[in-house]
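Here's a quick briefing to read with the model open in your viewer. Grab a coffee and click along as you go.

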Amino acid sequence: MARKTFKPSVKLTENDVTDESVFNDRRALLKKLGFVGAGALLGQSTGAHAQLFDWFKEKPKIDKTLEALTYDAATPTKDTLTPFEKVTSYNNFYEFGTDKSDPVQHAHAMTVDPWSLKIDGLVENPITLKYDDLHKRFPLEERIYRLRCVEAWSMVIPWVGFELNKLLSLAKPLSSAKYVAFETLARRSEMRGLKNRFVGGGIDYPYVEGLRMDEAMHPLTLMAVGLYGKTLPNQNGAPIRLVTPWKYGFKSIKSLVRIRLTDKQPPTTWNILAPQEYGFYANVNPNVDHPRWSQASERRITSGGLFNQERIATQMFNGYTEVASLYKNMDLSRFY
Ligand SMILES: Nc1nc2c(c(=O)[nH]1)N[C@H]1C(S)=C(S)[C@@H](COP(=O)(O)O)O[C@H]1N2
Ligand SMILES: [Mo]
């Protein structure tokens, strides 16, 4: 594999640095779960150095022709946008491998057209959206959101999409529906992480996520079909993914094939893997540390190399305080 023979072709300059939050990423969990030895056998790097090399090893490769979308543009925010090149080359999409550069290198193998997204379960009107419906069924709008990963880095991304509540309203949830369960495509032939348990980080696929009904209906909750004005690159979850900006990034599940309304709290991938580290709610909360690192601050990924990136204070609900009322009677250190 590439990493075994990888020799930095650039001189180690400002990139030759990592920080504690990156060091303490989920690779440490994989190690705990016993995946490191096998990963090493497969030629996968582990630990901080993988992160360091990931950063500049690959230039983003967009294999798919991205289509321009028609949408209502957002008014600019005070946050500096993370450049397209970084949004599309530093990703978590474990179906294609656990390194940040794996999705950009491998996600082109996934075919997204034709596509089928089913909305069913406790609804009056089950719906199936085909590829063209994703971009045409609902008026599209741009939303500039901060994305805060549980690994303590963040980006600012101009998504294009529509509110999930519009789709759910069309499906007409029954009054018995209390939760919404989401499921990612699991196509073994196109996803190297599904063919090999070590490549896929030990996750039992499909990747699944869930929201409470009121969270799903909140106007901030977006179904994204594009970013930077064009259809989603595969590595960002083409052709349609969830974005919940007040929650840690792992809730924003990619490449959706099914949305099921249910009366029970659905199982969620990271909670299954490590329940003491990742909860169902996963609201961004600077006061509740991850068991292995602090969540008080984050590394904002902007245009610079690692030296130029700002370390900023993490905000409650990632700054989206309008969701606070959804949790007013809950102990958020217990329901993390
Ligand atoms: N299906 C699937 N969805 C996923 C993931 C994944 O591994 N598989 N990773 C999550 C994590 S941890 C993060 S931080 C975001 C990253 O989204 P981005 O790569 O578009 O920035 O996607 C989330 N959605
Ligand atoms: Mo994440």
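What follows covers the ligand site, the aromatic pairs and a few backbone oddities.

Keep in mind that this is a predicted model. The ligand is a good place to start: ligand 1 sits in the largest cavity, with 17 residues surrounding it.

**Around the ligand**

- The closest residues to ligand 1 are Asn91, Tyr94, Glu95, Ser252 and Lys254.
- Sorted by class, the shell around ligand 1 is made up of 7 nonpolar, 6 polar and 4 charged residues.
- On the side-chain front, asparagine 91 has an N or O atom 2.8 Å from an oxygen atom of ligand 1.
- Two backbone contacts involve ligand nitrogen: a polar backbone atom of serine 252 is 2.9 Å from a nitrogen atom of ligand 1, and a polar backbone atom of asparagine 92 is 3.2 Å from a nitrogen atom of ligand 1.
- How much of ligand 1 does the protein bury? Taken alone, the ligand exposes 540 Å², and the protein buries 99% of that.

**Aromatic pairs**

- The count comes to 13 aromatic pairs.
- One of them joins tyrosine 90 and tryptophan 153 in an edge-to-face arrangement, with 5.2 Å centre to centre and 80 degrees between the planes.
- Tyrosine 90 is in the loop between helix H6 (84-87) and helix H7 (102-106), while tryptophan 153 belongs to strand S4 (residues 153-163), so this pair ties together parts that lie 63 residues apart in sequence.

**Backbone oddities**

- As background, most peptide bonds are trans, and most residues other than glycine have a negative phi.
- The bond from tyrosine 205 to proline 206 is cis, with omega near 5 degrees. You'll find proline 206 in the loop between helix H10 (192-195) and strand S6 (208-212).
- The peptide bond from alanine 238 to proline 239 is cis too, with omega near -5 degrees. Look for proline 239 in the loop between strand S8 (230-231) and strand S9 (241-243).
- Lysine 172 isn't a glycine, yet it has a positive phi of about 55 degrees. Lysine 172 is found in the loop between helix H9 (164-171) and strand S5 (179-184).

Notes. Residues numbered from 1 in each chain as written. Chains lettered and ligands numbered in written order. Predicted model: local features only at pLDDT ≥ 70, side-chain atom pairs only at ≥ 80, totals over all residues. Heavy atoms only, no water. Near = heavy atom within 4 Å. Polar contact = N/O pair within 3.5 Å; in protein donor to acceptor, adjacent residues only side chain to side chain. Areas by Shrake-Rupley, 256 points an atom, 1.4 Å probe, with all protein chains shown as cover. 1 Å grid on protein atoms, 1.4 Å probe; cavity = no way out; pocket = protein on both sides within 12 Å on 5 of 7 lines; lining within 4 Å. Sits in = over half its atoms within 2 Å of the grid points. Nonpolar A, V, L, I, M, F, W, Y, C, P; charged D, E, K, R; others polar. Phe/Tyr/Trp six-rings, centres within 6.5 Å; stacked < 30°, edge-to-face > 60°. Helix = DSSP H or I, 4+ residues; strand = E, 2+ residues; numbered from the N terminus.
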